[in-house]
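Visitor: Could you take me through one small part of this structure up close, and then follow the thread outward from there?

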There are 2 protein chains.
Amino acid sequence: MKNRIKVERAEKNISQAELADQIGVSRQTINSIETGRYVPSTVLALKMARVFAKRVEEIFQLEETD
Amino acid sequence: MKNRIKVERAEKNISQAELADQIGVSRQTINSIETGRYVPSTVLALKMARVFAKRVEEIFQLEETD
DNA sequence: TCTTTTTGTAAAGTTTACTTTACTTTTGGT
DNA sequence: ACCAAAAGTAAAGTAAACTTTACAAAAAGA
């Protein structure tokens, strides 16, 4: 699964730590998701979408391998 | 987190087993998600959205407690 | 009513998400 | 060049997702 978290953060100009804070997870969790080290739960995906005011599908996209 | 999987299945007239098959998980996984026993991964949420041709947010909704 | 399909659950096991702590590297500002 | 903030990553532990097997209850169809 691909994600556009880095881009969305850049547009909003917030750090991984700030995003983590707004969503209620650790900074490492954000980093790990952003760098594709693991797949977040749907609750996290919905919270991110809410923070960025975008649809989940705009932030996370399936790949062939999924 | 709430979900409308049961309703979407009803509209498409497919069983839990058929949905599980289309998404590539076990029937118990679908049942457990549908009955709120656990939160699916974002990959699963995206696949369900694809099967139902709806947005993730139309199928899964955050609650206060999330 | 009888039979089949569907749904609900449970237990045990494996994998993966997520946490905390901690350290290194990179980036940006002055 | 120096300093501070941000990002990357790793290790160890806990929690939760997901699997398989299995069985019971409910719903649906004949």
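Guide: A:Ser26 sits in the loop of chain A between α2 (16–23) and α3 (27–34); helices here are DSSP runs of H or I with at least four residues, strands are E runs of at least two, and both are numbered from the N terminus. This is a predicted model, where local features need pLDDT of at least 70 and side-chain atom pairs 80 or more, while totals for chains, interfaces and linings use all residues. Residues count from 1 along each chain as its sequence is written, with chains lettered from A and ligands numbered from 1 in the order written.

A:Ser26 counts as partly exposed because it has 13 C-beta neighbours inside 10 Å (20 or more other C-beta atoms within 10 Å would be buried, 12 or fewer exposed, with C-beta atoms placed from the backbone). Its C-alpha atom is 9.2 Å from that of A:Gln16, 10 residues away along the chain.

Now for the DNA. Around strand C there are 17 residues, and A:Thr29, A:Tyr38, A:Val39, A:Ser41 and B:Ser15 come nearest (near means a backbone-placed C-beta atom within 6 Å). α3 of chain A, plus α2 (16–23) and α3 (27–34) of chain B, each supply at least two residues of that surface, and α3(B) gives the most, with 3.

Those two chain B helices also meet each other: the axes of α2(B) and α3(B) come within 8 Å and cross at roughly 110° (axes are lines fitted to C-alpha atoms, for helices over the stretch in contact, and angles run from 0 to 180 degrees between N-to-C directions). So α2(B) is roughly perpendicular to α3(B), a label covering 65 to 115 degrees, with under 35 roughly parallel, over 145 roughly antiparallel and the rest oblique.
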